[in-house]
Amino acid sequence: MKDTFKHKGLRQQLVNIIEAKGIKDPKVLKAIGKIPRHLFMDSSFLDHAYQDKAFPIAADQTISQPYTVAFQTELLQITPGDKILEIGTGSGYQTAVLCELGAKVYSIERQNELFKKTSKFLPKLGYRAKKLVFGDGYLGLEEEAPFDGIIVSAGAPYVPKPLLSQLKIGGRLVIPVGDDIQVMTMFTRKGPKEYEQEEFGEFRFVPLLGDKN
Ligand code: SAH
């Protein structure tokens, strides 16, 4: 678990790349510059850790592309203390970004192998989510709702209703919607039954699957 000067240098280059691609929030850029992404990946991909690309992790899943992580996080506009629900813990990289921004993070993963691995790993780096859950993100996390923000890091064929209903008034759901290609979509809750919907271009994610595994 080493983080060397070389890693830090590569990380700064990555920050420059995603900034050039349009990420502006200094807090988000700082978090990407701080988190040792190489430690979230399998050793065979270490050389690739600071490229702006998604890479395979365990259980046929991927660690999301840094630009995508930054883009979704920027849309959430987190202030410290915000209660954030993440669907798709995966490697825990996005979870770490949310923790760096001072959010109280609740995260759900449906693959038991990843859930166990990441639950052990994140505290070793000092990232303490409020709760990591092995479960089905389609259901959200009713017992901890409402949330200031919900972020989905897998491609959703449709928008799960529980995620909309578990938002605070003023809260935001950032979710890539679609089958093969997804449109990044943000829902802002304006009232008990009113939501504003905005779209932010196309992305590609692994699919949001039903039930646990
Ligand atoms: N943010 C993660 C992304 C991992 S890929 C990272 O950067 O590492 C998407 C993750 O969503 C996978 O780990 C996958 O197992 C998980 N996932 C897919 N469907 C899910 C569901 N219904 N509930 C919870 N997690 C789900």
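**Exposed loops, a buried aspartate and the ligand site**

Gln77 counts as exposed because its relative accessibility is 54%, over the 50% cut-off. In this predicted model, Gln77 is placed in the loop that runs between helix 3 (66–76) and strand 3. The phi angle of Gln77 is positive, at about 45°, although the residue is not a glycine.

Asp60 is another non-glycine residue with a positive phi, in this case near 60°. The loop between strand 1 (55–56) and strand 2 holds Asp60. With a relative accessibility of 75%, Asp60 is likewise over 50% and therefore counts as exposed.

A further backbone feature is found at Pro146. The peptide bond that leads from Ala145 to Pro146 is cis, and its omega is near 5°. Pro146 belongs to the loop between strand 5 (131–134) and strand 6 (147–152).

The loop between helix 2 (26–34) and strand 1 contains Asp52. The relative accessible area of Asp52 is 10%, so this residue falls under the 20% cut-off and is buried. Two contacts of the Asp52 side chain were identified. One is a polar contact of 2.5 Å with the side chain of Lys21. The other is made with the backbone nitrogen of Tyr67, which the Asp52 side chain reaches at 2.9 Å.

Gln51 is found in the loop between helix 2 and strand 1 as well. Its relative accessible area is 30%, a value between the 20% and 50% limits, so Gln51 is classed as partly exposed. Gln51 and Ile18 are 33 residues apart along the chain, and 10 Å separates their C-alpha atoms.

Pro162 lies in helix 6, which spans residues 161–165. Pro162 is also partly exposed, because its relative accessible area of 29% lies between 20% and 50%. In sequence Pro162 is 20 residues from Glu142, and the C-alpha atoms of the two residues are 7.9 Å apart in space.

The ligand occupies the space of the largest pocket. It is surrounded by 26 residues, of which Thr62, Ser91, Glu109, Gly137 and Leu209 are the closest. By class, this shell is made up of ten nonpolar, twelve polar and four charged residues. At least two shell residues are supplied by each of strand 2 (62–63), strand 3 (83–87) and strand 4 (104–109).

Oxygen and nitrogen atoms of the ligand were both found close to polar protein atoms. On the side-chain level, a polar atom of Glu109 is 2.6 Å from a ligand oxygen. Backbone atoms also take part: a polar backbone atom of Ser64 lies 3.0 Å from an oxygen atom of the ligand. For Leu209, a backbone N or O atom is placed 2.6 Å from a nitrogen atom of the ligand. The ligand taken alone exposes 580 Å², and 100% of that area is buried by the protein.

Conventions:
Residues are numbered from 1 along each chain as its sequence is written. This is a predicted model: local features need pLDDT of at least 70, side-chain atom pairs count only at pLDDT 80 or more; totals for chains, interfaces and linings use all residues. Side-chain values use heavy atoms; hydrogens and water are left out. A residue is near a molecule or strand if one of its heavy atoms lies within 4 Å of it. A polar contact is a pair of N or O atoms within 3.5 Å; within protein, one must be able to donate a hydrogen and the other to accept it, and residues adjacent in sequence count only if both atoms are side-chain atoms. Accessible areas come from the Shrake-Rupley method with a 1.4 Å probe; for residues, only the protein chains shown count as cover. On a 1 Å grid over the protein atoms alone, a cavity is a set of points where a 1.4 Å probe fits but cannot get out, and a pocket is an open set with protein on both sides within 12 Å along at least five of seven lines; lining residues have an atom within 4 Å of a point. A molecule sits in a cavity or pocket if more than half of its atoms lie within 2 Å of its grid points. Helices (H or I, at least four residues) and strands (E, at least two) are DSSP runs, numbered from the N terminus. Ala, Val, Leu, Ile, Met, Phe, Trp, Tyr, Cys and Pro count as nonpolar, Asp, Glu, Lys and Arg as charged, and the others, Gly among them, as polar. Buried means under 20% relative accessible area, exposed over 50%, partly exposed in between (1.4 Å probe, protein chains only).
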